[in-house]
Structures are given as C-alpha cells and as structure tokens.
Amino acid sequence: MYSPIERPDGLAPDWTIPQDWAHYSAEDHAVWDLLFARQARQLPGRASKAWLAGLDTLRLSRPGIPDFAELSDRLMAATGWQVVAVPGLVPDDVFFDHLANRRFVAGNFIRRRDQLDYLQEPDVFHDVFGHVPMLADPVFADYMQAYGQGGLRSLQFGALHKLARLYWYTVEFGLVREDDDLRIYGSGIVSSHGESIFALDDASPNRIGFDLKRVMRTEYRIDDYQRSYFVIPDFETLLRATTETDFAPLYRELEALPDLAPDALVAGDEVVTRGTQAR
Ligand code: PHE
Ligand code: FE
C-alpha cells in the first residue's frame, strides 16, 4: 500500500480534489468505454454474483468515465459509500480514515490506449470498475469500513505491512467459492483482462483456502500475476473472521513467525489447486 508522502501545497487535509469531470478528453472516455466493454463481456461466469450485481451501479446516465457525484449518489443509496477523487497515492492514515468513513478514494486519471493491459499506478478504471461494484454489496461494504478502522489501529502496532497483505489477498486479489466453483471478487483481477482468465483457469498459481494468519504471513508480487490466490467460502465468513478477531495479539504472534514466499505451500494449507508455478 501507500508510503509516506508529503501533502502538496494547497491540497485539502484529506487529500481530496474535485474530480473535474469536464476535464476528461473524448479519448479518455473512449479508453474507459473500451476497457469497460472488454471486461464486462469477459466477466459473466467469472466474477462473483456480488460483483456482477454491483456492476449495474456503474451504468450511469452517460457513457465514459463515471461522474463521481452521480456514482456516489447511487452507491450512497445502496450501502452509504461515496467515491472521492485524489491526485494519486495518498498516505496510509489518510487512506484508512477515508475507508473508516465509507469513502473510497479513486485516482482521477485514466491510462493511455497503449497501456490497456499494464499499469503500475491504479487509475480510475482500476479504482472504479475494480472496486466500486463490491462496495455496492452490503456485507463487503461493511468489511471495507472495518478494514479502514483496522488499518488505523495497525499503525499503532507498526503492523501495517502484515495487514496490507490481507487487503492484497482479499480486496485486490480475492477469489470466492460459489456454487462449488471459483469466482473472482478482487479488484486487481476483475480490472485485468489477462489475470481474470489466469486467476481461474491457469495451472500455474496455487489456490488456497483463506486463513487469516496464513494470509498475513504471505508476501506478494506487485509486478506480475499472483503466485497464490486465497479462496473465501463467502463474504459473511470473511467479515466475521476479521471483525470478530482482535488483531493485537495476532500481530505480536506474527512477529515471531517467518514470512512465507508468494508461491509457498505449507502444512495446514487447504489446497484447492496446487500450482505448477510454470509461466
Ligand atoms: N479486528 C481487527 C483489529 O482488531 C480490525 C479489522 C477488521 C481488520 C476487518 C481488518 C478487517 O484490528
Ligand atoms: Fe485497488
């Protein structure tokens, strides 16, 4: 997640900026429409029901990049969440404070046409198409708020890097079991044309049953498709496993345990598929 950065002069203390919808060019909107059409076509039967149901939240009154004000009205009616614009990455405490108050921060810019498949910083397509549909789900909406509160708390324990792995392997790259099959709900997967196939169909990655402590020990890749995905049985279980656990003793316990490599399988894992790790 996000490293310490200084607030530029003139920026609001909560780092938000007006989205300024009028500043997007026709090309910006065309890139959104292209990405949207391509993924909306690919995801039925792959994305979780919750994500697919939430996708309707994004079908606004005009095509192109969503207007955050209109999007927030819809999301507010569904689950009490809002989307606010920020210039790019924001400090951890600012990010968590927004989540704890049911505000999702989204990057204002969109990738260029020659970057459709790979981008280092999250843009508005990842942030909105990837994250907003799940925020329209009442259970997941509560999980995201609780995560923000837990994030603020983790800073007191110097344990953010462990908690960040939970975000990574659920919010960004999570899989869920549905009708005895695997489905995607992680925003990093649904917003990726390649990984939304790879995460479900490829023989390479491990798919492992979700276990809170296991996940918080596991390092992750930020520069390639994941080596392991963690599978939750349903969103209610994820919410309960995290909100009904006091993380303070867990952080202390984790300090004494070695981290696990992204591709590791260890005793006690519920192995759904053992990856070949061949790419
Ligand atoms: N229960 C966690 C704590 O005690 C907070 C949390 C909730 C963290 C949900 C992540 C997700 O810190
Ligand atoms: Fe994200």
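## Helix H4 and what it packs against

The buried residues of H4 pack against four elements: strand E1 (82-86), strand E2 (103-107), H6 and helix H7 (160-172). Helices (H or I, at least four residues) and strands (E, at least two) are DSSP runs here, numbered from the N terminus. Everything below describes a predicted model, in which local features need pLDDT of at least 70 and side-chain atom pairs count only at pLDDT 80 or more, while totals for chains, interfaces and linings use all residues. Residues are numbered from 1 along each chain as its sequence is written, with chains lettered from A and ligands numbered from 1 in the order in which they are written.

Which residues of helix H4 (residues 92-100) are buried? They are Asp92, Phe95, Phe96, His98 and Leu99. These residues sit on the same side of H4, because they cover an arc of only 160° around the axis. That arc is taken from the directions from the helix axis to the C-beta atoms. As for the burial terms, a residue is buried if 20 or more other C-beta atoms lie within 10 Å of its own, exposed if 12 or fewer, and partly exposed in between, with C-beta atoms placed from the backbone.

## How H4 crosses H6

The axes of H4 and H6 come within 7 Å and cross at roughly 145°. Axes are lines fitted to C-alpha atoms, for helices over the stretch in contact, and angles run from 0 to 180 degrees between N-to-C directions. The crossing is left-handed, meaning that the near helix is turned anticlockwise from the far one by less than a right angle (clockwise would be right-handed).

On the H4 side, the contact is made by Asp92, Asp93, Phe96, Asp97, His98, Leu99 and Ala100. H6 brings Met144, Gln145, Tyr147, Gly148, Gln149, Gly151, Leu152 and Leu155. Two residues are in contact if their C-beta atoms, placed from the backbone, lie within 7 Å. Sorted by class, this contact has seven nonpolar, five polar and three charged residues. For the classes, Ala, Val, Leu, Ile, Met, Phe, Trp, Tyr, Cys and Pro count as nonpolar, Asp, Glu, Lys and Arg as charged, and the others, Gly among them, as polar.

## Around ligand 1

Ligand 1 is surrounded by Ala146, Tyr147, Gly150, Arg153, Leu166, Thr242, Thr243, Thr245, Asp246 and Phe247. A residue is near a molecule or strand if its C-beta atom, placed from the backbone, lies within 6 Å of it. By class, the shell divides into four nonpolar, four polar and two charged residues.

Which helix gives the most to this shell? H6 does, with four residues. Helix H6 (138-156) and helix H11 (235-243) each supply at least two.

## Loops worth a look

Arginine 102 is in the loop between H4 and E2. Its phi is near 60°, a positive value in a residue other than glycine. Arginine 102 counts as partly exposed, with 18 C-beta neighbours inside 10 Å.

Aspartate 179 also has a positive phi, of about 50°, although it is not a glycine. You'll find aspartate 179 in the loop between strand E3 (175-178) and strand E4 (181-184). With 6 C-beta neighbours inside 10 Å, aspartate 179 counts as exposed.

Then there's glycine 158, in the loop between H6 and H7. Is glycine 158 buried or exposed? Glycine 158 is exposed, because it has 10 other C-beta atoms within 10 Å. Its C-alpha atom is separated by 8.9 Å from that of tyrosine 251, 93 residues apart along the chain.

## Buried spots in H10 and E6

Helix H10 (residues 212-216) holds arginine 214, which is buried, with 20 other C-beta atoms within 10 Å. Valine 215 is found in H10 too, and it is buried with 22 other C-beta atoms within 10 Å. Leaving aside neighbours within four places in sequence, valine 215 is in contact with Arg165, Leu166, Tyr169, Phe210 and Phe230. One of these, Leu166, is also among the residues around ligand 1.

Over in strand E6 (residues 228-232) sits tyrosine 229. Tyrosine 229 is buried, with 26 other C-beta atoms within 10 Å. Apart from neighbours within four places in sequence, tyrosine 229 is in contact with Phe173, Leu175, Ala199, Pro205 and Arg207.
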